[in-house]
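Student: I've got a model open and I'd like to zoom in on one part of it with you. Could you take it slowly and connect it to what sits around it?

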Amino acid sequence: MEESDRVARRWEDLDIDILVKIFQSFDIIELTSGIATVCTSWRMACCDPLLWRTLDLSMMKSNFIKIPLEPYVYVDARSDKTLNHLLKTSLSLSQGNIMTLIFHFNLYVSDDLLTYTAERCPRLRQLVMPAWNRIKKTGICKAIRIWQDLESLTMPSIANPPYLLEEIANNCKNFSELKVMGPFDNFFAATIITYLPKIRVLSLRCSMLVKDTLISILDELRNLEVLNISHCLLIEIPPPPAPRRIMRELDQCVLDKASRLREFLTCMKDSCIMCQRTRNDEGLMRWYKYEEGVWKADEVSSLSL
């Protein structure tokens with residue numbers, strides 16, 4: 001065949017399904033870097049729902065410093081601008097198809113950006129957002145009212161959980177899965193028992209947990225199927241004047257109550273590196289000290305990222 005007889009194929013003529021397959025290998029930075037502006041067919045491929053079931057921002061961190069007053073962090077303006085651009089571009093391309101949204105534990109989203117996000121991914125089913133420093137009560141409640149399909153939430157330990165869990169109870173009828181990252185006290189447990197009595201999966205891994213709180217969960221959450229307390233700093237508080245003590249193993253009372261669960265996930269081994277870290281951090285994990293991404297792990301498969 002002579003050179004003049006050859007037909008040159010253009011990238012924009014490539015089949016959309018093939019383009020989507022190629023774009024599935026791209027990370028979020030590459031997907032939002034401008035490839036959607038190349039041509040109409042590339043734009044169509046970039047908007048394919050297969051690319052946007054999950055928006056994973058777990059590689060992004062805010063550039064911040066800690067401050068003594070609320071919200072206890074100050075985020076650099078350039079860092080905010082980068083997040084705004086990436087998130088808004090992603091939400092535009094996703095066309096409302098995002099079902100899982102993952103934020104890094106050092107990614108501090110503002111109230112306005114959370115609202116903007118919620119309005120553009122109303123079908124969200126799983127939210128992983130371990131950092132709430134800049135989010136106010138009104139902001140998260142407004143988002144929850146939009147996310148009526150929400151089933152799973154990973155959140156930090158907060159001082160006043162009733163407002164949030166009541167909002168979830170009123171708006172998210174299929175909600176069944178909660179992960180709390182941070183100390184988990186009796187007040188938090190009582191709030192779950194009050195507002196989310198039908199919850200099926202609860203993960204408290206790498207947290208500080210009092211034995212009486214654990215017993216309350218096992219006694220009161222009768223629909224609970226899976227409980228993860230792996231690597232927890234489990235504290236027993238006997239009547240005074242006896243001092244509190246760290247439990248090195250579960251007693252028969254706890255094991256008997258947990259026997260009704262489909263899965264009761266535990267690890268309290270002195271040789272376990274994660275158990276050692278929880279004890280060293282006194283039940284408030286300082287994830288920044290450890291390997292990147294280790295915070296995303298969970299013994300519950302549906303919560304492991």
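In which sense do strand E10 (residues 226-228) and E13 pair, and over how many bridges?

Tutor: Keep in mind that we're looking at a predicted model. E10, residues 226-228, pairs with E13 in the parallel sense, and the pairing runs over three bridges. If you want one bridge to click on, take Asn-228: its partner in E13 is Leu-265.

Now zoom out to the sheet. The two strands belong to an open sheet of eight strands, paired in parallel and ordered E1-E4-E5-E6-E7-E8-E10-E13. Read that order from its ends: E1 (54-57) and E13 (263-265) are the edge strands, and each has a single partner strand, so one side of each has no neighbour in the sheet. On average, neighbouring strands here are turned by 5° against each other, ignoring direction. As for what holds such an arrangement together, strands of a sheet pair through backbone hydrogen bonds, and they can do so in parallel or antiparallel fashion.

Next, walk back from E10 into the loop that joins helix H9 (211-220) to E10, where you'll find Asn-223. With 41% relative accessibility, Asn-223 counts as partly exposed. Skipping neighbours within four places in sequence, Asn-223 has contacts with Pro-197, Lys-198, Ile-199 and Arg-200. If you'd like a long ruler across the model, Asn-223 and Cys-272 are 30 Å apart from C-alpha to C-alpha, with a separation of 49 residues in sequence.

For a contrast, go to helix H11, where Thr-278 sits. Thr-278 has 0% relative accessibility, so it counts as buried. Again leaving out neighbours within four places in sequence, the contacts of Thr-278 are Cys-206, Ser-207, His-231, Cys-232, Leu-233, Gly-283 and Met-285.

Back to the sheet order for a moment, because E4 leads us to a helix pair and an aromatic pair. The helix pair is H4 (residues 77-94) with H5 (residues 111-120): their axes come within 10 Å and cross at roughly 10°. With a cut-off of under 35 degrees, that makes H4 roughly parallel to H5. On the H4 side, the contact is made by Leu-83, Asn-84, Leu-87, Lys-88 and Leu-91, while H5 brings Leu-113, Tyr-116, Thr-117 and Arg-120. Sorted by class, that contact has five nonpolar, two polar and two charged residues.

Now the aromatics: the count comes to five pairs. In one of them, Phe-23 and Trp-42 have ring centres 5.7 Å apart and planes at 70°, so the pair is edge-to-face. Phe-23 is in helix H1 (residues 16-23) and Trp-42 in helix H3 (residues 40-46), so this pair ties together parts 19 residues apart in sequence. Both Phe-23 and Trp-42 are buried, and together with Phe-26 they form one aromatic cluster.

Phe-105 and Trp-295 also form an edge-to-face pair, with 5.7 Å centre to centre and 70° between the planes. Here the link joins distant parts of the chain: Phe-105 is in the loop between strand E4 (100-103) and H5, whereas Trp-295 is in the segment after helix H11 (273-280), 190 residues apart. Both Phe-105 and Trp-295 are buried.

Note on methods: Residues numbered from 1 in each chain as written. Predicted model: local features only at pLDDT ≥ 70, side-chain atom pairs only at ≥ 80, totals over all residues. Heavy atoms only, no water. Axes fitted to C-alpha atoms, helices over the stretch in contact; angles between N-to-C directions. Helix = DSSP H or I, 4+ residues; strand = E, 2+ residues; numbered from the N terminus. Parallel < 35°, antiparallel > 145°, perpendicular 65-115°, else oblique. Contact = heavy atoms within 4.5 Å. Nonpolar A, V, L, I, M, F, W, Y, C, P; charged D, E, K, R; others polar. Pairing = 2+ DSSP bridges. Phe/Tyr/Trp six-rings, centres within 6.5 Å; stacked < 30°, edge-to-face > 60°. Buried < 20%, exposed > 50% of the residue type's maximum accessible area, 1.4 Å probe, protein only.
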